[in-house]
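I open the notebook with two topics: charged pairs and nonpolar packing. I take the charged pairs first.

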Amino acid sequence: MVRFTADHRVYIKILYWGMGGSGKTTIVDTLFRLTNEQNLEIEPSGNLTKIAMASGSTLYFDRGIFQSKKTRKVFYHVYTVAGQSRFSPLRKKIYKGTDGVIFVVDAQTHLFEDNIESLKELKKVAKGDLIKETPILIMLNKKDLTETINGSEFEQILRDEGLWYDPPHRLAIWNPIIYESCALYNKQKNIYRSFNECARRTGIYQIYGNGTAPVNDDFLKNEKKVKES
Ligand SMILES: Nc1nc2c(ncn2[C@@H]2O[C@H](COP(=O)(O)OP(=O)(O)OP(=O)(O)O)[C@@H](O)[C@H]2O)c(=O)[nH]1
Ligand SMILES: [Mg+2]
């Protein structure tokens, strides 16, 4: 739920969801470093809060705040859930108020079923909101490793789970983009790009769709023009 404060600030909540160990904390760490070091459209506002076990696995959640440099009044609250199965009740709480979701897959082939389980749980918690009211993007993370699944394999999972629309369905333009990624700082791939697209979509849902996926004719014509240019 996008929040507007009395001093006209806008807070947008973006959540990284995915199975334990898929790389959510590492992604946000890398995003933090990247946006600190490079001249990008967002910059960290304060420190990253990480609540973790000695193993490094998240115990409650991670939270960071990023500020838009173009529109100084826009802030992104970025959260990661604790992915281990036993933290399911906590994840449900952290999901509340989310405006955009980035689903982080551990792309290693042997973890195929665990990722599906995590996606099913997300769907249950989101109660049918995904795509229609809450944009969702996918990161196939750990693509630096061998023996990993590819984008078309994950697209099939999205189809099976009802998270993929075929044209001429009007929601097809909001199908999740599937990014192949690596979260490790030294080999990073698609960390900023995926965040940026999620931020863009949450903004568009608010501005053009009043909090839902915009599918009216004027909007669609405009998007087509932007894509073609
Ligand atoms: N090779 C490789 N390792 C990664 C990548 N991303 C994360 N890792 C490693 O995977 C392990 C788990 O990463 P985390 O970021 O803690 O995973 P998480 O999703 O936050 O896990 P939970 O907090 O338990 O839900 C760490 O050892 C990371 O260094 C990646 O893209 N490639
Ligand atoms: Mg974590």
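I looked up Glu121 and found a salt bridge to Arg91, with the closest N and O atoms 2.8 Å apart. Glu121 sits in helix H3 and Arg91 in helix H2. The two are 30 residues apart, and the pair links distant parts of the chain. I note that this is a predicted model.

Is Arg91 buried or exposed? I checked its relative accessible area, which comes to 3%. The cut-off for buried is under 20%, so Arg91 counts as buried.

Next I went to Lys142. Lys142 makes a salt bridge with Asp106, and here the closest N and O atoms are 3.0 Å apart. Lys142 is in the loop between S8 and H4, whereas Asp106 is in strand S7. The pair therefore ties together parts that are 36 residues apart in sequence. I compared the two ends. Asp106 is buried, at 2% relative accessible area. Lys142 is partly exposed, at 22%.

I then picked a pair within one helix. Glu37 and Arg33 meet through their side chains in a salt bridge, 3.8 Å from N to O. Both lie in helix H1, residues 24-37. They are four residues apart, about one turn of the helix. Arg33 has 42% relative accessibility, so I log it as partly exposed.

How many salt bridges does the structure hold? I get 15. I also noted a network of salt bridges that links Lys120, Lys123 and Glu161.

I turned to the nonpolar packing. The largest nonpolar core has 33 residues. Which of them touch the most other members? I list Trp17, Tyr95, Phe103, Leu122 and Phe154. I then asked which elements give two or more residues to this core. The strands are S2 (10-17), S6 (74-81), S7 (100-106) and S8 (136-141). The helices are H2 (88-95), H3 (112-126), H4 (151-160) and H5 (191-209). H3 gives the most, with five residues.

I followed Phe154 further. Leaving out residues up to four places away in sequence, Phe154 touches Phe103, Val105, Leu119, Ile138, Leu140, Ile149 and Ile178. Phe103 is thus on the contact list of Phe154, and both are on my list of those touching the most other core members.

Last entry: I found another core lying apart from the largest one. This other core has 28 residues. Val10, Ile102, Val104 and Leu137 are among them.

Methods: Residues are numbered from 1 along each chain as its sequence is written. Chains are lettered from A and ligands numbered from 1 in the order in which they are written. This is a predicted model: local features need pLDDT of at least 70, side-chain atom pairs count only at pLDDT 80 or more; totals for chains, interfaces and linings use all residues. Side-chain values use heavy atoms; hydrogens and water are left out. A nonpolar core is a set of buried Ala, Val, Leu, Ile, Met, Phe, Trp, Tyr and Cys residues joined through side-chain atoms within 4.5 Å. Buried means under 20% relative accessible area, exposed over 50%, partly exposed in between (1.4 Å probe, protein chains only). Contact means heavy atoms within 4.5 Å. A salt bridge is a side-chain nitrogen of Lys or Arg within 4 Å of a carboxyl oxygen of Asp or Glu.
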